[in-house]
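Work through the exercises below with the sequence and the model at hand. Each task is followed by a solution in steps.

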Amino acid sequence: MPDYLVVLQAAWIVRKAKSVEDAMNIAVAEAGKKLNPDLDFVKIDVGDTACPKCDSPLKAVFMVAGVALVGLILEMKVFNAKSAEHAAKIAKYEIGKRMPRIPLEVIEVAEID
């Protein structure tokens with residue numbers, strides 16, 4: 001059975017952030033705490049989005065009045081899955097179990113050698 005790299009997007013809310021950089025750091029740290037120690041191999045990063053006007057990449061962070069919505073990217077390798085859909089379900093289940101109220105969306109599933 002093949003192995004897959006599953007990429008998920010998560011929406012993370014950060015309260016009382018002092019800056020956009022602070023919000024990004026807090027979001028990554030809090031997500032890491034939720035996943036450790038069981039899923040410490042999941043790669044966590046802040047996602048990018050495109051500027052609607054010029055199409056240049058921007059960090060996926062929206063901040064108003066000290067509250068930020070941070071778009072996180074979570075990458076997880078899934079081994080011996082039956083299909084790409086099965087790998088996505090496994091990753092979403094395992095990560096979602098540790099982040100019960102965090103919205104997750106599958107962005108990409110790629111077979112790895």
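**Exercise 1. Count the positive and negative side chains of the protein chain and give the separation of the centres of the two sets.**

Solution. The model is a predicted one. Take Lys and Arg as positive and Asp and Glu as negative. The protein chain then has 15 positive side chains and 16 negative ones. The centres of these two sets lie 9 Å apart.

**Exercise 2. Decide how many disulfides there are, and account for Cys51 and Cys54.**

Solution. A pair of cysteine sulfur atoms must lie within 2.5 Å to count. By this rule there are zero disulfides. For Cys51, the nearest cysteine sulfur is that of Cys54, 3.5 Å away, and Cys51 is in no disulfide. Cys54 is likewise in no disulfide, its nearest cysteine sulfur being that of Cys51.

**Exercise 3. Is Cys51 buried or exposed?**

Solution. Buried means under 20% relative accessible area. Cys51 has 17% relative accessibility, so Cys51 counts as buried. In the protein chain, 33% of the 113 residues count as buried.

**Exercise 4. List the secondary structure elements of the protein chain in order.**

Solution. There are two helices and seven strands. Read from the N terminus, the order is β-α-β-β-β-β-β-α-β.

**Exercise 5. Describe the extent, surface and contacts of the protein chain.**

Solution. Along its principal axes, the C-alpha trace spans about 50 × 35 × 20 Å. The accessible surface comes to about 7,300 Å², with 55% belonging to carbon and sulfur atoms. Of the contacts between residues at least 6 apart in sequence, 71% join residues at least 24 apart.

Key:
Residues numbered from 1 in each chain as written. Predicted model: local features only at pLDDT ≥ 70, side-chain atom pairs only at ≥ 80, totals over all residues. Heavy atoms only, no water. Helix = DSSP H or I, 4+ residues; strand = E, 2+ residues; numbered from the N terminus. Buried < 20%, exposed > 50% of the residue type's maximum accessible area, 1.4 Å probe, protein only. Contact = heavy atoms within 4.5 Å. Areas by Shrake-Rupley, 256 points an atom, 1.4 Å probe, with all protein chains shown as cover. Charge placed at Lys NZ, Arg CZ, Asp CG, Glu CD.
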